[in-house]
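Trainee: I should like to understand this structure through a few questions. May we begin?

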Amino acid sequence: IARHKPRFLLMFGLAGGTRGMVRIEAYARNRIGASRADVTGARTPRQPIVLGGPEKLPARLPVAAIARAARLSRVRAQVSLSAGNYLCNYIYWHALEAASRGEIAGALFVHVPKPGPGRPTASDLAKLGVLLARRFG
């Protein structure tokens, strides 16, 4: 953020269990780590991202309207209340912090499903990104 000085951050992450649905993340939680191992087998102890910080930071964008806009662009989407416990939640937390400090105009995290039949293609997701940036960025 400091180096590139973006106006808006639109972040995408892979969420294998989404069953073909794109998830528009409503907030980031002030925690990282979980009881299960990540893809490398490492376990991160559960801890706050910011000691003494709030429990969660909300997206400052209309996530329900964003999910509706995604559906209008033919991408199945829903609002999600969990950005996860690892990297996705961590970077979303820091992006939302930057937005709350006025360093960027806004931030949004979108979880996408694994590729497969009946699921959004890379082209669908690129179109969705353009739509979201134009409409909400």
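Trainee: Which residues of strand E2 are buried on its two sides?

Mentor: This is a predicted model, in which local features need pLDDT of at least 70, side-chain atom pairs count only at pLDDT 80 or more, and totals for chains, interfaces and linings use all residues. Residues are numbered from 1 along each chain as its sequence is written, and side-chain values use heavy atoms, without hydrogens or water. Strands (E, at least two residues) and helices (H or I, at least four) are DSSP runs numbered from the N terminus, and buried means under 20% relative accessible area, exposed over 50%, partly exposed in between (1.4 Å probe, protein chains only). Both faces of E2, residues 22-25, are covered, with Val22 and Ile24 buried on one side and Arg23 and Glu25 on the other.

Trainee: Which residue of E6 is the bridge partner of isoleucine 24?

Mentor: Strands pair if DSSP finds at least two bridges between them. E2 joins E6 (residues 106-112) antiparallel through 2 bridges. In E6, the partner of isoleucine 24 is valine 110.

Trainee: Over how many bridges do E2 and E5 pair?

Mentor: In E5 (residues 77-80), serine 80 stands opposite glutamate 25. The two strands pair in the parallel sense, and the number of bridges is 4.

Trainee: Why are the buried residues of H3 on the same side?

Mentor: In H3, the buried residues are Leu125, Leu128, Gly129, Leu132 and Phe136. They lie on the same side of H3 because the arc they cover around the axis, taken from the directions from the helix axis to the C-beta atoms, is only 105 degrees.
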